[in-house]
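Visitor: I have not looked at this structure before, and I would like to learn how to read some of its features. Could you take me through them one at a time?

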Amino acid sequence: MYPFLKRTIDIAASLLALLVLSPLLLPVCVVLLLTGEHHVFYRQRRIGRHNKTFGIWKFATMLKDSPNMTGGLHTTRRDPRVLPFGHFLRITKINELPQLLNILLGDMSIVGPRPLVDKTFDPYPEHVKRTIYNVRPGLTGIGSIVFRDEEKLLSESGMDVTAFYARHIAPAKGELELWYQRRRSFATDMALIFLTAWVIPFPKSRLLHRIFKDLPDIDVPGLE
């Protein structure tokens, strides 16, 4: 019953969100057309349910050739590849909103593990890679909330960003996503959606840990 309810909510919520947010999304499209590289959307192959790939939609926030420039697929704080308006879109998470179309099409869910590219998926432990995408990837999820400021962690680690991600972030995210699969329910999803909005104005809040007292202990340098 839960999978059917989850998919029904995904369809209804994504349709409603697209309608309600259209007064915001349309001006964003216009600004992107008139600024930067005049590029509105960015589509990238990501790993989805049952480890099959799909094309994810985002608002364009970086230079078109960013993956081939210094930094590769990891974005750091004050990354010079990020366009001025793109920085605002990334901070507010507005750049992720076109993924409502992916949810409507069935590629994604509102809540689930974030869909990754091969190079950020490969560092996950093997037991995580086998199971993490037994569910649809999500617009938000436990990993997105805990690592909401991943760019800051990468910037301040003092290590090569790829090495820091592989050694510290990937294993921690993997354990969090396995926790989600064990705890998956309508109540958990509703709490994670609320917390996604909550941590934007209150980034240092400990509410997540008060609601979910059984979260796995993770030790990532710089993570509060």
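Visitor: Which helix gives the most to the lining of the second largest pocket, and with how many residues?

Guide: Please keep in mind that this is a predicted model. As for the general idea, rolling a probe the size of a water molecule over the atoms shows where empty space is left. Here, helix H1, which covers residues 2–34, gives the most to the lining of the second largest pocket, with 4 residues. The space in that pocket comes to about 170 Å³.

Visitor: Which residues line the second largest pocket, and how do they divide by class?

Guide: The lining is made up of Pro3, Lys6, Arg7, Asp10, Arg49, Ser109, Asn134, Val135, Arg136 and Arg184. Sorted by class, the lining has 6 charged residues, together with 2 polar and 2 nonpolar ones.

Visitor: Staying with helix H1, is Val30 buried or exposed?

Guide: Val30, which lies in helix H1, counts as partly exposed because its relative accessibility is 46%, a value between the 20% and 50% cut-offs. Along the sequence Val30 and Asp118 are 88 residues apart, and in space their C-alpha atoms are 32 Å apart.

Visitor: In which sense do strand S1 and strand S2 pair?

Guide: Strand S1 (residues 41–47) and strand S2 (residues 53–59) pair in the antiparallel sense, and 7 bridges join them. To follow one of these bridges, start at Gln44, whose bridge partner in S2 is Ile56. The hairpin of S1 and S2 has 5 residues between the strands, and in this hairpin His50 takes a positive phi near 60 degrees.

Visitor: How many aromatic pairs are there, and what is the geometry of the pair of Phe41 and Trp57?

Guide: A pair of aromatic rings is described by the distance of the centres and the angle of the planes. The count comes to 8 aromatic pairs. One of them is formed by Phe41 and Trp57, with 5.8 Å centre to centre and 85 degrees between the planes, and this pair is edge-to-face. Phe41 lies in strand S1 and Trp57 in strand S2, so the pair ties together parts that are 16 residues apart in sequence. Phe41 counts as partly exposed, at 33% relative accessibility, and Trp57 is also partly exposed, with a relative accessible area of 29%.

Visitor: Which residues form one aromatic cluster with Phe41, and which residue lies over the face of Phe121?

Guide: Phe41 forms one aromatic cluster with Trp57 and Phe59. Over the face of Phe121 lies Lys129, at 6.0 Å from the ring centre.

Terms used. Residues are numbered from 1 along each chain as its sequence is written. This is a predicted model: local features need pLDDT of at least 70, side-chain atom pairs count only at pLDDT 80 or more; totals for chains, interfaces and linings use all residues. Side-chain values use heavy atoms; hydrogens and water are left out. On a 1 Å grid over the protein atoms alone, a cavity is a set of points where a 1.4 Å probe fits but cannot get out, and a pocket is an open set with protein on both sides within 12 Å along at least five of seven lines; lining residues have an atom within 4 Å of a point. Grid points are joined across faces, edges and corners, and a volume is the space filled by probe spheres set on the points. Helices (H or I, at least four residues) and strands (E, at least two) are DSSP runs, numbered from the N terminus. Ala, Val, Leu, Ile, Met, Phe, Trp, Tyr, Cys and Pro count as nonpolar, Asp, Glu, Lys and Arg as charged, and the others, Gly among them, as polar. Two strands pair if DSSP finds at least two bridges between them. Buried means under 20% relative accessible area, exposed over 50%, partly exposed in between (1.4 Å probe, protein chains only). Rings of Phe, Tyr and Trp (its six-membered ring) pair if their centres lie within 6.5 Å; planes under 30 degrees apart count as stacked, over 60 as edge-to-face and the rest as tilted. A charge sits over a ring if NZ of Lys or CZ of Arg is within 6 Å of the ring centre and within 35 degrees of the ring normal.
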